[in-house]
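Student: I should like to understand the terms used to describe a structure. May we go through them one by one?

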2 protein chains.
Amino acid sequence: MPVLSDKVIHRLTLYHCILKYTLINQDRVSSFEIANLLGLDNSQVRKDIALCGVLGHKKQGYNSTELKLAIEQKLGFKETKEVFIIGAGHLGTALANYTDFKDYGIDILCLLDNNPNKIGKEINGKKVLPLEDLQSLISRVNTKNIILAVPAKQAQAVTDYAVQCGAQFIWNFTPTVLKIPKNVMVYYENIISSFMQMYKEPINHKHTIFSRLKIMKGHK
Amino acid sequence: MPVLSDKVIHRLTLYHCILKYTLINQDRVSSFEIANLLGLDNSQVRKDIALCGVLGHKKQGYNSTELKLAIEQKLGFKETKEVFIIGAGHLGTALANYTDFKDYGIDILCLLDNNPNKIGKEINGKKVLPLEDLQSLISRVNTKNIILAVPAKQAQAVTDYAVQCGAQFIWNFTPTVLKIPKNVMVYYENIISSFMQMYKEPINHKHTIFSRLKIMKGHK
DNA sequence: TGTGTTTTGTGATTTTTTTCACATTATCAC
DNA sequence: GTGATAATGTGAAAAAAATCACAAAACACA
């Protein structure tokens, strides 16, 4: 079974969102509907769906429930994925409060911070613990997954510490590139980069900011 | 001048982050260093850089300052881009507090919400105004760019209202796909999709969550 | 001055992704 | 029933992206 490419995963997740929210009261959905909502080619939608092993019905499209479940299965939404958040600032707090995570199996165990004013607090039922506890937490709970949500300037130092404590995987929400040993993995969640992808080309007038956008999804 | 592809923009933004934080005290940088930090092919780095019009020096690499400025220029970091945030919940608050935005020219004018408890407050010096003010704000300030940071269930209704008020561009932070008229553009900032891109394949043990990861960036 | 090494810049090739095109078939209208 | 239609599924073609490979230049150092 070939591993799905990033692009396919991104699109499948969006198809799932469509089934979950946009076309919630339809029990059938066609590749044309999905393609139109996202500005894609309809045959591409069909090929993506075929990768999930779902068969459609001629003249009727796909069964929404079946497709939704198949995507969840294929992408592993129902499997629990435990994570620590490092950084209990605005971003860490927002992530700890992000209720949608649990629909996708992402389980935030607790937050860690080195600010004494924050330690001991609870955010959405999750404790804020001192960063020094990381090592014992990692060994006790056996979860080596970190969401990094600290200020950019501290990102490298905190990463060095987390790696030393045994962190194996870092989902980096800071706009930095980290130096890490080969056995550790980083995934860059770079909001700025996303923004720039839509902004595309330097333009002059401050009010027409988005005027030279790439039409990523939505409309041709 | 061809428009840069998303992938190139994403990589250039990461190169910029490297110059800004990771290799801050080096005044020269080679394509090999950048490629190693990000797990890329070094010739790809050189081709990306060539798109910014920067010439390197044989045996020495690129001038860091020159490269950094060229990326900023090419991607338009220094141009002001004004935006309204709709939704003053945890996510909207985090975005309003995201100090890095201003380094990239993103200027948040104010937040809008329909919760009376939130209206009138200030978040990082930005006022929270009633959602009903959107129409007059858009026409007064002539900025038609919206960051959508409301709960998923309200995303479509709020979008419909924003579009009616004249919104032209929506940076959608909710995990939903929106129905919008052809003249409006949406860019999906789907955190879940990013997560799933790194998570790749369904696996069984909850603690080994990230074990089948795609090594997106960082290491080969 | 000459030799070896490092690093750029870029054509050529390969791989991946997207788009096109169309045969096939289930359903609906009549 | 029968014919028209709307959808799927999928090979083939085209486009885009990544990788390879190497000439050329600049520097280090003898």
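Student: What makes B:Lys59 count as exposed?

Tutor: Its relative accessible area is 88%. Exposed means over 50%, buried under 20%, and partly exposed in between, with a 1.4 Å probe and protein chains only. B:Lys59 is therefore exposed. Please note that this is a predicted model, in which local features need pLDDT of at least 70 and side-chain atom pairs count only at pLDDT 80 or more, while totals for chains, interfaces and linings use all residues. Residues are numbered from 1 along each chain as its sequence is written, chains are lettered from A and ligands numbered from 1 in the order in which they are written, and side-chain values use heavy atoms, with hydrogens and water left out.

Student: Where does B:Lys59 lie?

Tutor: B:Lys59 belongs to the loop between H3 and S2 of chain B. Here H marks a helix (DSSP H or I, at least four residues) and S a strand (DSSP E, at least two), numbered from the N terminus. The phi of B:Lys59 is positive, near 70°, in a residue other than glycine.

Student: Why is B:Asn124 called partly exposed?

Tutor: Its relative accessibility is 43%, which falls between the two cut-offs, so B:Asn124 counts as partly exposed. B:Asn124 sits in the loop between S5 and S6 of chain B and has a positive phi of about 55°, although it is not a glycine.

Student: How do you know that the buried residues of H2(B) line one face of the helix?

Tutor: The buried residues of this helix, residues 31-38, are B:Ser31, B:Ile34, B:Ala35, B:Leu37 and B:Leu38. Seen down the axis, they fall within an arc of 165°, so they line one face. The arc is that of the directions from the helix axis to the C-beta atoms. An α-helix has 3.6 residues a turn, so residues three or four places apart point the same way.

Student: Which elements do these buried residues pack against?

Tutor: Among them are strand S9 (185-188) of chain A and helix H1 (6-22) of chain B; contact means heavy atoms within 4.5 Å.

Student: What makes the approach of B:Ser31 to DNA strand C a polar contact?

Tutor: A polar side-chain atom of B:Ser31 lies 2.5 Å from a phosphate oxygen of DNA strand C. A polar contact is a pair of N or O atoms within 3.5 Å, so the pair qualifies. In addition, a polar backbone atom of B:Gly56 is 2.7 Å from a phosphate oxygen of the strand. For A:Lys59, an N or O atom of the side chain is 2.9 Å from a base oxygen.

Student: Which residues come nearest to DNA strand C?

Tutor: Of the 25 residues around the strand, A:Gln44, B:Ser31, B:Arg46, B:Gly56 and B:Tyr62 come nearest. A residue is near if one of its heavy atoms lies within 4 Å. H3(A) gives the largest share of this surface, 4 residues.

Student: Why are S7(B) and S8(B) called paired?

Tutor: Two strands pair if DSSP finds at least two bridges between them. S7(B) and S8(B), residues 169-172, have 4 bridges and run parallel, so they pair. One bridge joins B:Leu148 to B:Asn172.

Student: What makes S5(B) an edge strand?

Tutor: S5(B) pairs on one side only, and so does S9(B). The open sheet has 7 strands in the order S5-S6-S4-S3-S7-S8-S9, with mixed pairing.

Definitions and conventions. A polar contact is a pair of N or O atoms within 3.5 Å; within protein, one must be able to donate a hydrogen and the other to accept it, and residues adjacent in sequence count only if both atoms are side-chain atoms.
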